[in-house]
Amino acid sequence: MRFDIISVLPDLLVSPFAHSILQRAQKKGIAEIVVHNLRDYATNRQKSVDDYPYGGGSGMVMSIAPFASCIESLKEKREYDEVIFMSPDGETFNQTIANELSGKGNIMILCGHYKGIDQRIRDLFVTREISIGDYVLSGGELPAAVLVDAIVRLIPGVLNDETSALSDSFQGELLDAPVYTRPADWQGHKVPDVLLSGHEAKINEWRHEQALIRTQTRRPDLLED
Ligand code: SAH
């Protein structure tokens with residue numbers, strides 16, 4: 001699976017993809033993540049990618065020309081399943097969308113900044129608009145990193161233990177059960193006996209029960225659906 005991310009601050013997207021599961025996915029050749037510097041596509045002398053808003057008002061608006069030129073040059077090389085614009089007014093990202101997108105081949109992601117991007121970019125090139133939650137960030141880079149992380153870990157072969165992702169919260173209707181590791185007794189605070197029993201069926205039963213209790217207390221809305 002390939003991601004092409006267009007950003008005016010590509011440095012913000014180096015570290016999130018350079019460690020742990022995301023780094024491994026790229027090393028294994030399962031995911032390719034390429035970040036494009038929007039400024040490389042600016043044609044004016046100042047290499048500017050934004051301008052004052054028509055009609056006045058505060059905040060700069062990202063111009064259509066650099067985005068159009070970058071998107072079109074990428075589209076010449078390959079077909080894209082989705083051109084996603086990260087935007088607080090888009091559909092709210094969740095595990096269902098992550099699952100769906102993890103089955104795609106090529107995804108392009110546009111990161112906005114300042115007041116946003118010229119509406120014509122959204123009208124002409126974007127196939128999907130996604131928000132990571134009801135709050136406003138300074139740019140689309142962190143949202144893009146959230147999106148890519150959530151998607152990549154679901155691609156078969158990325159996690160060492162496939163079943164790990166399946167038991168995660170939001171993968172089914174239940175939140176994940178509590179987890180423990182050594183020591184079994186830390187200053188009198190003990191790990192539940194059943195987890196030390198080696199009895200797989202009992203452990204699974206306990207985990208299911210705990211997941212149910214967690215979901216009932218923290219997110220009863222998940223059980224209502
Ligand atoms: N004026 C816009 C917000 C602009 S914030 C509005 O009120 O809707 C600048 C950029 O940051 C956005 O264009 C978007 O790309 C990104 N961004 C900010 N918050 C986001 C969120 N919750 N989800 C996804 N992208 C977000």
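The following paragraphs describe the overall form, the salt bridges and selected surface residues of a predicted protein model.

The protein has eight helices and nine strands. Along the principal axes, its C-alpha atoms fill a box of roughly 70 × 40 × 35 Å. The radius of gyration is 22 Å, whereas a compact globule of 225 residues would have a value near 17 Å. The chain is divided into domain 1, covering residues 2–152, and domain 2, covering residues 169–223. The centres of domain 1 and domain 2, taken over C-alpha atoms, are separated by 37 Å.

Of the 225 residues in the protein, 41% are buried. The exposed area of the protein amounts to about 13,200 Å², and carbon and sulfur atoms supply 50% of this area. Among contacts with a separation of 6 or more, 76% are accounted for by residues 24 or more positions apart.

Side chains of opposite charge can pair when their charged atoms come close. In the present model, 11 salt bridges are found. One of them joins the side chains of Arg78 and Asp4, with an N to O distance of 3.6 Å. Arg78 is located in the loop between α2 (64–77) and β5 (82–92), while Asp4 belongs to strand β1 (residues 2–7); the pair therefore ties together parts that are 74 residues apart in sequence. Asp4 has a relative accessibility of 0% and so counts as buried, the limit for this class being under 20% relative accessible area.

A further salt bridge is formed by Arg128 and Glu91, whose closest N and O atoms are 2.6 Å apart. Because Arg128 lies in strand β7 (residues 128–131) and Glu91 in strand β5, this pair ties together parts that are 37 residues apart in sequence. The two partners fall into separate accessibility classes: Arg128, at 12% relative accessibility, counts as buried, whereas Glu91 is partly exposed, with a relative accessible area of 34%.

The side chains of Asp168 and Arg153 also meet in a salt bridge, at 3.2 Å from N to O. Distant parts of the chain are linked by this pair, since Asp168 is placed in the loop between α6 (162–166) and β8 (185–186) and Arg153 in the loop between α5 (141–152) and α6, 15 residues apart. Arg153 is partly exposed, with a relative accessible area of 23%. Elsewhere, salt bridges with shared partners join Arg2, Asp4, Glu32 and Arg78 into one network. Asp4, a member of this network, is the buried residue described above as the partner of Arg78.

Nonpolar residues also contribute to the surface. Tyr135, Leu137 and Leu142 make a nonpolar surface patch of about 290 Å². Within this patch, Leu137 is situated in the loop between β7 and α5. The relative accessible area of Leu137 is 38%, and the residue is therefore classed as partly exposed.

Thr96 provides an example of an exposed position. This residue is found in helix α3 (residues 95–101). With a relative accessible area of 57%, Thr96 is exposed, the class being set at over 50%. Thr96 and Arg78 are 18 residues apart along the chain, and their C-alpha atoms are separated by 26 Å.

Key
Residues numbered from 1 in each chain as written. Predicted model: local features only at pLDDT ≥ 70, side-chain atom pairs only at ≥ 80, totals over all residues. Heavy atoms only, no water. Salt bridge = Lys/Arg side-chain N within 4 Å of Asp/Glu carboxyl O. Helix = DSSP H or I, 4+ residues; strand = E, 2+ residues; numbered from the N terminus. Buried < 20%, exposed > 50% of the residue type's maximum accessible area, 1.4 Å probe, protein only. Domains from an automatic or database assignment. Patch = residues over 30% accessible without salt bridge, like charges linked within 9 Å, V, L, I, M, F, W, Y side chains within 5 Å. Areas by Shrake-Rupley, 256 points an atom, 1.4 Å probe, with all protein chains shown as cover. Rg over C-alpha atoms; globule rule 2.2 N^0.38 Å. Contact = heavy atoms within 4.5 Å.
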